[in-house]
Amino acid sequence: MSTRVALVDDQTLVRAGFRALLERDPGIVVVGEASDGAEAVELVRGERPDIVLMDIRMPVLDGIEATRAIVGDASLRDVRIVMLTTFEVDEYVFDALRAGASGFLLKDTDPDELRRAVHVVARGEALLSPGVTRRLIEGFVTGERPHRLDDTPLGVLTEREKEIVGLVGGGLSNEEISRRVFISPATVKTHVGRALFKLGARDRAQLVVIAYETGLVVPGVR
């Protein structure tokens with residue numbers, strides 16, 4: 001079954017470029033395009049794509065508000081949103097993740113990486129390029145947000161689950177976590193799944209946000 005993708009960007013040439021690159025993969029189908037956030041919400045409600053590649057800064061309704069509207073619609077719970085950004089450090093990306101985005105891609109991402117990323121997100125492996133994501137969030141959070149907010153939500157987790165969430169928040173993949181704590185990748189995946197359920201998080205991207213907002217991960221501290 002093909003992965004169905006919607007493209008949202010206010011620049012026609014950008015959308016055309018992404019469409020051309022994506023459609024070189026026979027496993028990807030572009031089901032529609034939108035030029036602003038309001039159009040995006042209507043497009044997603046009509047087409048129900050698997051993945052939305054969403055620009056952040058757009059007229060009428062920006063990508064963050066559009067993401068919030070889509071994520072807030074229970075009938076669209078299976079739609080995954082990946083934000084498109086021009087720079088590694090974009091002050092809006094952290095807010096986009098908080099709004100429910102499953103990750104982000106730089107607009108100059110290598111074509112092969114772009115297509116691979118779409119398939120990765122479609123499989124539910126939400127957070128793309130963990131190392132870059134970590135640097136992006138740390139660069140924005142440092143000096144902008146308090147190091148510790150409310151860690152109450154973490155009370156539902158076991159100590160091992162809390163440890164795993166902290167490592168996810170640090171940008172580590174399941175394989176990297178496996179090597180760090182000496183358990184199998186399958187066991188790591190199980191712990192991540194339980195943490196997602198207990199915390200009511202959509203995906204790994206939301207675990208990153210929770211890790212930072214509860215102070216489980218402090219920017220700049222390893």
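## Around Ile177: cores, a helix crossing and two loops

In this predicted model, Ile177 is in contact with Ile164, Leu167, Val168, Leu172, Phe182, Val188 and Arg204, once its neighbours within four places in sequence are left aside. Ile177 also belongs to the largest nonpolar core, which has 49 residues, and it is one of the members that touch the most others, along with Val52, Met54, Ile70, Met83, Ile164 and Leu207. The element that gives the most to this core is helix H10, which spans residues 204–213 and supplies seven residues. Separate from it is a second core of 16 residues, among them Val5, Ile51, Leu114 and Val118.

These cores can be set against the chain as a whole. Its secondary structure consists of ten helices and five strands, and buried residues make up 50% of its 222 residues. Of the contacts in the chain with a separation of 6 or more, 69% are between residues 24 or more positions apart. The accessible surface of the chain comes to about 10,500 Å², and carbon and sulfur atoms account for 52% of that area.

Returning to Ile177, we come to a pair of helices. The axes of helix H7, residues 159–169, and helix H8, residues 174–181, come within 10 Å and cross at roughly 130°. An angle over 145 degrees would count as roughly antiparallel, and one from 65 to 115 as roughly perpendicular; H7 and H8 are therefore oblique to each other. The crossing in which H7 passes H8 is right-handed. On the H7 side, Arg160, Glu163, Ile164, Leu167 and Val168 take part in the meeting of the two helices, while H8 brings Ile177, Arg180 and Val181.

Phe182, one of the contacts of Ile177, lies in the loop between H8 and helix H9, the latter covering residues 185–199. Most residues other than glycine have a negative phi. Phe182, although not a glycine, has a positive phi of about 60°. Is Phe182 buried or exposed? Its relative accessibility is 74%, and because exposed means over 50%, Phe182 counts as exposed.

Val60 offers another example of a positive phi in a residue other than glycine, with a value near 70°. Val60 is placed in the loop that runs between strand S3, residues 51–55, and helix H3, residues 63–71. With a relative accessibility of 69%, Val60 likewise counts as exposed.

Terms used. Residues are numbered from 1 along each chain as its sequence is written. This is a predicted model: local features need pLDDT of at least 70, side-chain atom pairs count only at pLDDT 80 or more; totals for chains, interfaces and linings use all residues. Side-chain values use heavy atoms; hydrogens and water are left out. A nonpolar core is a set of buried Ala, Val, Leu, Ile, Met, Phe, Trp, Tyr and Cys residues joined through side-chain atoms within 4.5 Å. Buried means under 20% relative accessible area, exposed over 50%, partly exposed in between (1.4 Å probe, protein chains only). Helices (H or I, at least four residues) and strands (E, at least two) are DSSP runs, numbered from the N terminus. Contact means heavy atoms within 4.5 Å. Accessible areas come from the Shrake-Rupley method with a 1.4 Å probe; for residues, only the protein chains shown count as cover. Axes are lines fitted to C-alpha atoms, for helices over the stretch in contact, and angles run from 0 to 180 degrees between N-to-C directions. Angles under 35 degrees count as roughly parallel, over 145 as roughly antiparallel, 65 to 115 as roughly perpendicular and the rest as oblique. A crossing is left-handed if the near helix is turned anticlockwise from the far one by less than a right angle, and right-handed if clockwise.
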